[in-house]
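Let's take a walk through this one, starting with its cysteines and then moving on to a helix and the core. Have the model open as you read.

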Amino acid sequence: MELDIQCEEMNPSRWAELLSTMKSCKTIRLDDCNLSSSNCEDLCSIINMNPSLTELKLNNNELGDAGMEYLCKGLLMPSCSLQKLWLEYCELTGDIVEALNVALQSKPTLKELSLSNNTLGDTAVKQLCRGLVEASCNLELLHLENCGITSDSCREISAVLSNKSSLIDLSVGDNKIGDSGLALLCQGLMHPNCKIQKLWLWDCDLTSASCKDLSRLLSTKETLTEISLIDNNLRDSGMEMLCQALKDPKSKLQELWIRECGLTTACCKAISSALSVNKHLKVLHMGENKLGDAGVELMCEGLLHPSCNIQSLWLGNCDLTAACCATLGTVMATKQCLTELDLSYNSLEDEGVRKICEALRNPSCNVQQLILYDIFWSSEVDDELRALEESKPEVKIIS
């Protein structure tokens, strides 16, 4: 049984009703339900009496350190078989780590731990990582976004990566680790024991200086399939290094999130070259970069190459106009692998939208989701879009 409730105020009678249900649940998700530490005392009992409970997600609740203490007591119970514990935005501090580490030592079943958006700080994160290295659990997912981490914690996080071959999903986004922190992380990421698949490093104060290490990672770590570098100032020089890595036959990356990275038309030839060689990349998020029409025209040369297998392409707010839409339409009509396209926040106007519509009508076009937020068009074009959706019900136009 699964209990999944979001955004609900918990009064005592409703909570008592749910407690009865929780006794037989395998999954409990209570996101943004106005829970407090007192509710965690009850949840501790549920963890103890329900050995089938494997997933507990309590994001966006003011549990506080006192609530976490109760949950850790539950984790220590021999009957507890919890595999997934998500506590994002729970007003936790670094003081909870000592109790958590004690619980981790006795809990070999735990596979996912998310503590994102809690004010842990470097000292606590270092302590947590040392506990994770010693713990017997085969942790697969560790999320520590916006936890007040700096480069000071990165050596310890790196040690987790090199010691826990089970860890395949790491997110440390929205932490100011900088280039020096990334260099330390890469020591663990490059270790032969590390089998990382998903790596999120968004808004980490990285610059083009980090791209040398990132390029080496992309071209040698064949397990890595998804990386997010959103909102880092990589600039064209950094992107060109990443593109060189993407051309390496060892690169198996499938998703690249590189929105708002200070890119311009100047790096688009390198992107095009990588797209024409890399057959693994399926998702490319390039929004909020000043690529311009000329840049997208260059990218389309790579997108049209037979080796390119892009399925999802995001080009929102990239300074595009109607001038590049005919070429984008050719990509849409030619590449049947392309199923999702985002062109939001660009000045396409009626002319550009009509060119995109023309491509959508092509029987060879397989685009199923077209995203066009904040693009202004006339009522005539609006009628054309509605008619197009009626004639091709499999196409969803989001605006």
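A disulfide, for our purposes, is a pair of cysteine sulfur atoms within 2.5 Å. Keep in mind that we're looking at a predicted model. How many disulfides does that rule give? The count comes to zero.

Take Cys 267 to see why: the closest cysteine sulfur belongs to Cys 268 and sits 4.7 Å from its own, which is too far for a bond. Cys 324 is in no disulfide either, with the nearest cysteine sulfur, in Cys 325, 4.7 Å away. As for exposure, Cys 267 is buried, at a relative accessible area of 0%. Cys 324 counts as buried too, with 0% relative accessibility.

Cys 268 leads us on to helix α10, which spans residues 268–275. Which of the helix α10 residues are buried? They are Cys 268, Ile 271, Ser 272, Ala 274 and Leu 275. Because these residues cover an arc of only 160 degrees around the axis, they end up on the same side of α10. And what do the buried residues of α10 pack against? Their partners are α9 (235–246), β11 (283–285) and α11 (292–303).

Now zoom out to the largest nonpolar core, a set of 133 residues. Leu 30, Leu 201 and Leu 315 have the most contacts inside that core. Pick Leu 315 and look around: leaving out residues up to four places away in sequence, Leu 315 touches a list of residues that includes Met 286, Leu 291, Val 296, Met 299, Leu 320, Leu 328 and Leu 343. Asp 342, Ser 344 and Asn 346 are also among the residues touched by Leu 315.

Key
Residues are numbered from 1 along each chain as its sequence is written. This is a predicted model: local features need pLDDT of at least 70, side-chain atom pairs count only at pLDDT 80 or more; totals for chains, interfaces and linings use all residues. Side-chain values use heavy atoms; hydrogens and water are left out. Buried means under 20% relative accessible area, exposed over 50%, partly exposed in between (1.4 Å probe, protein chains only). Helices (H or I, at least four residues) and strands (E, at least two) are DSSP runs, numbered from the N terminus. The arc is that of the directions from the helix axis to the C-beta atoms. Contact means heavy atoms within 4.5 Å. A nonpolar core is a set of buried Ala, Val, Leu, Ile, Met, Phe, Trp, Tyr and Cys residues joined through side-chain atoms within 4.5 Å.
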